[in-house]
Amino acid sequence: VASDGADGLLRFQGGSYDAVITDVMMPHKGGLELVKAIRASGSGVPILVLSAKGAVTDRIRGLEVGADDYIPKPFSISELIARLQ
């Protein structure tokens, strides 16, 4: 768990993860910036974006920057788990 996008990137760089779940709107570094940075590092870790920004254009943008999936809020925990599997 990270408190913001910059912290998330530092934690990602210092660890090994099976998947990354991020929000779009975070302080210091937004979720899409985080996705771009992870992809720029060469990592193929699955990335799932959660966001209150659920317009089709927002979802497409998330996928274009490298997310593997994008779930608009509100969402069900069972859907989140199914997508992670």
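Which residues' side chains meet in a salt bridge at 3.0 Å, N to O? With this predicted model open, select Asp7 and Arg11, whose side chains form that contact.

**Helix α1 and the start of the chain**

Keep both residues displayed and colour helix α1, residues 5-13, in which Asp7 and Arg11 are 4 residues apart and thus separated by about one helical turn. Residues three or four places apart in an α-helix point the same way, because such a helix has 3.6 residues a turn. In a surface view, Arg11 counts as partly exposed, at 42% relative accessibility.

From here, step back to Val1, which is found in the segment before α1 and is exposed, with a relative accessible area of 99%. If you then add Leu84 to the selection and draw a distance between the two C-alpha atoms, the separation is 16 Å, although Val1 and Leu84 are 83 residues apart along the chain.

**The aromatic pair**

Next, select the aromatic side chains, for which a search of the whole structure finds 1 aromatic pair. This pair is made by Phe12 and Tyr17, and it is stacked, with 6.2 Å from centre to centre and 20° between the planes. The two partners can be compared by their accessibility: Phe12 is buried, with a relative accessible area of 14%, whereas Tyr17 counts as partly exposed at 42%.

**The sheet**

Now hide the side chains and show the cartoon, where an open sheet of 3 strands runs in the order β1-β2-β3 with parallel pairing. Strands β1 and β3 are the edge strands, each of them pairing on one side only. Neighbouring strands of this sheet are turned by 20° against each other on average, with direction ignored. Zoom in on β2 and β3, which pair in the parallel sense over 4 bridges, and select Leu48, which stands opposite Asp69 in β3. Leave Asp69 displayed for a later stop.

**From β1 into helix α2**

Move to the loop between β1 and α2, which is the place of His28. What sign does the phi of His28 have, given that this residue is not a glycine? The phi of His28 is positive, at about 70°, and the residue is exposed, with a relative accessible area of 71%.

Continue into helix α2 and select Gly31, Leu32, Leu34, Val35 and Ile38, which are buried. Turn the view until you look down the axis of α2: the buried residues fall within an arc of 155°, so they line one face of the helix. Adding the surroundings to the display shows what that face meets, since the buried residues of α2 pack against α1, β1, β2 and α3. Just after α2, stop briefly at Gly42, which takes a positive phi of about 95°.

**Salt bridges across distant parts of the chain**

Bring back the charged side chains; a search of the whole structure finds 5 salt bridges, one of which, between Asp7 and Arg11, you have already visited. Select Arg39 and Asp68, which form a salt bridge with their closest N and O atoms 2.8 Å apart. This pair links distant parts of the chain, with Arg39 in helix α2 and Asp68 in the loop between α3 and β3, 29 residues apart. Arg39 is partly exposed, with a relative accessible area of 22%, and Asp68 also counts as partly exposed, at 49%.

Where does Asp69, left on display earlier, find its partner? Asp69 forms a salt bridge with Arg83, the closest N and O atoms being 2.7 Å apart. Here, too, distant parts of the chain are linked, with Asp69 in strand β3 and Arg83 in helix α4, 14 residues apart. Arg83 is partly exposed, with a relative accessible area of 37%. Add Glu79 to the selection, and a network of salt bridges appears that links Asp69, Glu79 and Arg83.

**A last stop between β3 and α4**

To finish, select Lys73 and Pro74, which are joined by a cis peptide bond with an omega of about -5°. Pro74 has its place in the loop between β3 and α4, the strand and the helix that hold Asp69 and Arg83 respectively.

Methods:
Residues are numbered from 1 along each chain as its sequence is written. This is a predicted model: local features need pLDDT of at least 70, side-chain atom pairs count only at pLDDT 80 or more; totals for chains, interfaces and linings use all residues. Side-chain values use heavy atoms; hydrogens and water are left out. A salt bridge is a side-chain nitrogen of Lys or Arg within 4 Å of a carboxyl oxygen of Asp or Glu. Helices (H or I, at least four residues) and strands (E, at least two) are DSSP runs, numbered from the N terminus. Buried means under 20% relative accessible area, exposed over 50%, partly exposed in between (1.4 Å probe, protein chains only). Rings of Phe, Tyr and Trp (its six-membered ring) pair if their centres lie within 6.5 Å; planes under 30 degrees apart count as stacked, over 60 as edge-to-face and the rest as tilted. The arc is that of the directions from the helix axis to the C-beta atoms. Contact means heavy atoms within 4.5 Å. Two strands pair if DSSP finds at least two bridges between them. Axes are lines fitted to C-alpha atoms, for helices over the stretch in contact, and angles run from 0 to 180 degrees between N-to-C directions.
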